[in-house]
Amino acid sequence: MFTLAEVASLNDIQPTYRILKPWWDVFMDYLAVVMLMVAIFAGTMQLTKDQVVCLPVLQSTVNSKAQPGTSGKADFTTVETTTGQGEASSMRTVSFGSAPTVTPDIPLSRATSSQYQPTESGQELKKEQKDSSGRKTNLDFQQYVFINQMCYHLALPWYSKYFPYLVLIHTIILIVSSNFWFKYPKTCSKIEHFVSILGKCFESPWTTKALSETACEDSEENKQRLTGAQSMPKYVSTSSDEGSPSASTPMITKSGFKFSADKPMIEVPSVTILDKKDGEQAKALFEKVRKFRAHVEDSDLIYKLYVGQTVIKTVKFIFILCYTANFVNTISFEHICNPKVEHLIGYTQFECTHNMAYMLKKLLISYISLICVYGFICLYTLFWLFRIPLKEYSFEKVREESSFSDIPDVKNDFAFLLHMVDQYDQLYSKRFGVFLSEVSENKLREISLNHEWTFEKLRQHVSRNAQDKQELHLFMLSGVPDAVFDLTDLDVLKLELIPEAKIPAKISQMTNLQELHLCHCPAKVEQTAFSFLRDHLRCLHVKFTDVAEIPAWVYLLKNLRELYLIGNLNSENNKMIGLESLRELRHLKILHVKSNLTKIPPNITDVAPHLTKLVIHNDGTKLVVLNSLKKMTNVAELELQNCELERIPHAIFSLSNLQELDLKSNSIRTIEEIISFQHLKRFTCLKLWHNKIVNIPSSITHIKNLESLYLSNNKLESLPAAVFSLQKLRCLDVSYNSIALIPVEIGLLQNLQHFHITGNKVDVLPKQLFKCVKLRTLSLGQNCITSIPDKVSQLLQLTHLELKGNCLDRLPATLGQCQLLRKSGLVVEDHLFDALPSEVKEVLNQDTSIPFANGI
């Protein structure tokens, strides 16, 4: 027999789960407890008071009354015995046929048998009793006990015996069915997380503050705001699921708190300022809700399990009601028993009474009533489950009543759990919806961000860059602090890894801002902010991973002068680049693309007439198609770096205004086409460094206007005399080759100012080198030079001399006559410098504050 405590533990659901128990589940739980009490009460009564009393039926009476075709009842003896049975189930009455009437050989007792034996007179009876003698054995009592026990099992209906136990089993099954979804491992973990998160969201200070702001807003205002959002112009969006906007739609659409040109900013009320601890907890809740939604919303196991257990309870109710109703009338007080033991007792038929019959019948009727109520509630539950789509949940009402109009509808198990919570209290879902809103999350981030990044803190992060401009670099923040736009004297703003960057109308205060960097930062702008950027921004750097991250409003900045695009723009994505929109950038002069292009996009020709500088840095991907270059007639500077070029592209020779060409880090081996540069009258600078060039063709002498020639990091072994016929050459860089000799013709370069031959095999310096009196930079490091001629003193304009890494024993004392040379510009071993005369060292040490030239 189960104890009450053991059975009650089956229904021991955590108190926090009560929010998932609708009224019908609570009512069914109480009904199950009442049914459980009925079972325990009936079982207890049966164990303590269940009695069956049987008395024999006289054979003569039975025979005499059986003649007309009916069986009568006999008089009963006054002897009564009791037997208690401890089983609690119920079965039908089993009746056996009567044995043939025989004269008993053994009386039940002398006292009782004498009452049924025929006598001639009372005196004979008294005399026989007086004469009888012997030991009393109570055999008659044992016989009645024996009969009572047999008839309890044979004559009593089974349902009367097992009724309490059946009720107990049925009730336990119903209790288990009601709470199985709380215990099943696949569902209880989700339910546990949901209840935990829901409770924290309900009690979060951020929920209270967010809803308190909503309560302060007039409902009519909300309606106007929601309807007005459809008609107001949209912002340009930079999210991946939004297309490139047209020039007439330069605004992003924002849910929740709206920004417009008339109302550029909404001041954050003081009520929304949270403690740092509360703010961090709210951020953690947003993350938990996001992950829980992703984990639960893709399945409907909880819903199916709840429906399944409700169907099981309904089927159980129908089954119990059907078979129980048939046994109500079988429970009676009187029963006829035919045990077939006449050879032991001498009687074939007994009539028995069951003293618990009336009580069991009343308990059974009560149980049936409870089951009927329980069943009707199960039917109502099924009606509720299938009446509305419980696997869909809409926050439409919450969106209408709050400023968070972006709360998404949910589905599957997430929706079902919220429907269950609504049966407890709809306020839970309303407060929970705050943590599903991106507007709410962004607002929390903005408040926390503005609270942490004050104007004073931002001012401390402002620095001066190489161009002596005031620059602010913000890295990995949740957004852009409002105080940034109070730095009105800022020249350069760098935003890096800020996924939710928004540029509000306050940026119009930053009148000095002309350069903006967006590094993995798909910033969104308001209409007023866009108008300001369109008119004032001159330089924009955009670094991205996917092409969709490029802000679409970039292509609408009509006054933009410089655009730097750094990211993946392979051939498959070229059509998505949106460069066709560059035609709006009428003032664009510099376009810098660092990517992995296989061809120059044809659409770039839309801005070709405006461009003066085009830079393409590939990551090693071979640039094949270059025909589009012919249309860029105004390009003065062209850089094609790391493009795996093997020759100088012929399309370049069509650029009549080209002044500088940089083909760094390619695979160029021969430059025979160099003669074609003679047709480019403005061409002055050729950079062929970091290639595989073996020799310089003599045709280079035809490029009369060449002023700078960079051939470092190639495979040159000699310098042809044709190079020194370029009278306008001012810079010659042949560092890191295999050159062993500097030709004496170098003295012809009277305009040479910078000569770099570091990292070669030169061992002797020709005296003609020092006829280049305009030299300002002379790099001779990492060669095999053994001495420096005294004529170095002729280089009066020399400011940088590199000699480190040679085989020098000393330095000439005439270095002191180089009036502009200082120790900071002299790159040499310390022991050689220390060996100089003191007066020379004094001259070289006169002003050590001059910064190192070319970076020593």
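1. The expected span of a helix is 1.5 Å times one less than its number of residues. This is a predicted model, and helix α16 can be checked against that rule. α16 covers residues 412-424, which is 13 residues, so the expected span is 18 Å; the end C-alpha atoms lie 19 Å apart, which agrees.

2. The surroundings of α16 come next. Of the 13 residues in α16, 11 are buried, so the rest of the structure largely encloses this helix. The buried set starts with N412, D413, F414, A415 and F416, and continues through L417, L418, H419, M420, V421 and D422.

3. Three strands form an open sheet in the order β1-β3-β2, and the pairing is antiparallel. The edges are taken by β1 (52-56) and β2 (334-337); each has a single partner strand, so one side of each has no neighbour in the sheet. Ignoring direction, neighbouring strands of this sheet are turned against each other by 25° on average. Strands of a sheet pair through backbone hydrogen bonds, either parallel or antiparallel.

4. On one side of the sheet order, β1 is joined to β3 (residues 350-354) by five bridges, and the two strands run antiparallel. Within this pairing, C54 has C352 of β3 as its bridge partner.

5. The pairing of β2 with β3 is also antiparallel and has four bridges. Here H335 stands opposite C352 in β3. C352 is thus a bridge partner of C54 and also lies opposite H335.

6. As for the environment of β3, four of its five residues are buried, so this strand is largely enclosed by the rest of the structure.

7. Confidence should be considered before the model is used. The mean pLDDT of the protein is 78, and 78% of its residues reach 70 or more. Over residues 62-123, however, the pLDDT is below 50, and this stretch has 138 contacts in the model beyond near neighbours in sequence. Residues 848-856 also stay under 50, with 11 contacts beyond four places in sequence. Where pLDDT is low, the predicted coordinates should not be read in detail.

Notes. Residues numbered from 1 in each chain as written. Predicted model: local features only at pLDDT ≥ 70, side-chain atom pairs only at ≥ 80, totals over all residues. Heavy atoms only, no water. Buried < 20%, exposed > 50% of the residue type's maximum accessible area, 1.4 Å probe, protein only. Pairing = 2+ DSSP bridges. Axes fitted to C-alpha atoms, helices over the stretch in contact; angles between N-to-C directions. pLDDT = per-residue confidence, 0-100. Contact = heavy atoms within 4.5 Å.
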